[in-house]
Amino acid sequence: MANVYLPTMVVTALATVTYLVDVDAVAARLDLSLSILLAAIALKFATSSYLPQIAYLTIIDKYVIASFCALAFSAAQHALIGWLDGEGWAAERLNVVNRVCLGLNCVLWALMQGFFLLSWRRATRTGTRTRRR
């Protein structure tokens, strides 16, 4: 589990770095976001040998899919900021939108970690009880 969870967690957390790039540099922000998404996809392919080949989604599979969605959501937020910049929004307003998007991204990341760890703990407890019987 650690071979997949920890690297995916770190790559997903790197999405917060994209909010530190100047809001006027939309192309650079999107480039960085999409590079992080591609790194996550490459990580998924590299770690797929660690996961069991079964017909249903495991908890770690769901976590990786949620990470992809979070990274895509981050890229969409950067595209929104770029669109607002093109519509003539003032830099101060764009910075506020940027901070709100950063906050949403951090909350989403924290919720993903909590949900995954609780689900994993519940699954291991259930598995332990089943083995004892």
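What follows is a chat about the helices of a predicted model and how they pack.

Q: What kind of model is this, and how are residues numbered?
A: This is a predicted model, in which local features need pLDDT of at least 70 and side-chain atom pairs count only at pLDDT 80 or more, while totals for chains, interfaces and linings use all residues. Residues are numbered from 1 along each chain as its sequence is written, and side-chain values use heavy atoms, with hydrogens and water left out.

Q: How many helices and strands are there?
A: The chain has four helices and zero strands, where helices (H or I, at least four residues) and strands (E, at least two) are DSSP runs numbered from the N terminus. Along the sequence this gives the pattern α-α-α-α.

Q: What about the overall dimensions, say the box and the radius of gyration?
A: Taken along the principal axes, the C-alpha atoms fill a box of roughly 65 × 25 × 20 Å. The chain has a radius of gyration of 18 Å, whereas a compact globule of 133 residues would be near 14 Å; the radius is taken over C-alpha atoms, and the globule rule is 2.2 Å times the number of residues to the power 0.38.

Q: And how much of the chain is buried?
A: Of its 133 residues, 32% count as buried, a word that means under 20% relative accessible area, with exposed being over 50% and partly exposed in between (1.4 Å probe, protein chains only).

Q: OK, new topic: how do α1 and α2 pack?
A: Helix α1 covers residues 2-13 and helix α2 residues 26-47, and the two pack at an angle of about 175° with their axes 10 Å apart. Axes here are lines fitted to C-alpha atoms, for helices over the stretch in contact, and angles run from 0 to 180 degrees between N-to-C directions.

Q: Why are α1 and α2 called roughly antiparallel?
A: The name follows from the angle, because angles over 145 degrees count as roughly antiparallel, under 35 as roughly parallel, 65 to 115 as roughly perpendicular and the rest as oblique, and α1 and α2 pack at about 175°.

Q: Which residues of α1 and α2 meet there?
A: N3, V4, P7, T8 and V11 in α1 meet I36, A40, L43 and T47 in α2, where contact means heavy atoms within 4.5 Å.

Q: Does α3 do likewise, or which way does it run against α1 and α2?
A: The axes of α1 and α3 (residues 59-86) come within 10 Å and cross at roughly 10°, and the two helices are therefore roughly parallel. By contrast, the axes of α2 and α3 come within 9 Å and cross at roughly 170°, and this pair is therefore roughly antiparallel.

Q: Let's pick one residue: is T8 buried or exposed?
A: T8, which lies in helix α1, is buried, with a relative accessible area of 8%. Leaving aside neighbours within four places in sequence, T8 is in contact with L43, Y63, V64 and S67.

Q: And I59, buried or partly exposed?
A: I59 is partly exposed, at a relative accessible area of 28%, and has its place in helix α3.

Q: What does I59 touch?
A: Apart from neighbours within four places in sequence, I59 is in contact with F116, S119, W120 and A123. I59 and T126 are 67 residues apart in sequence and 14 Å apart in space, C-alpha to C-alpha.
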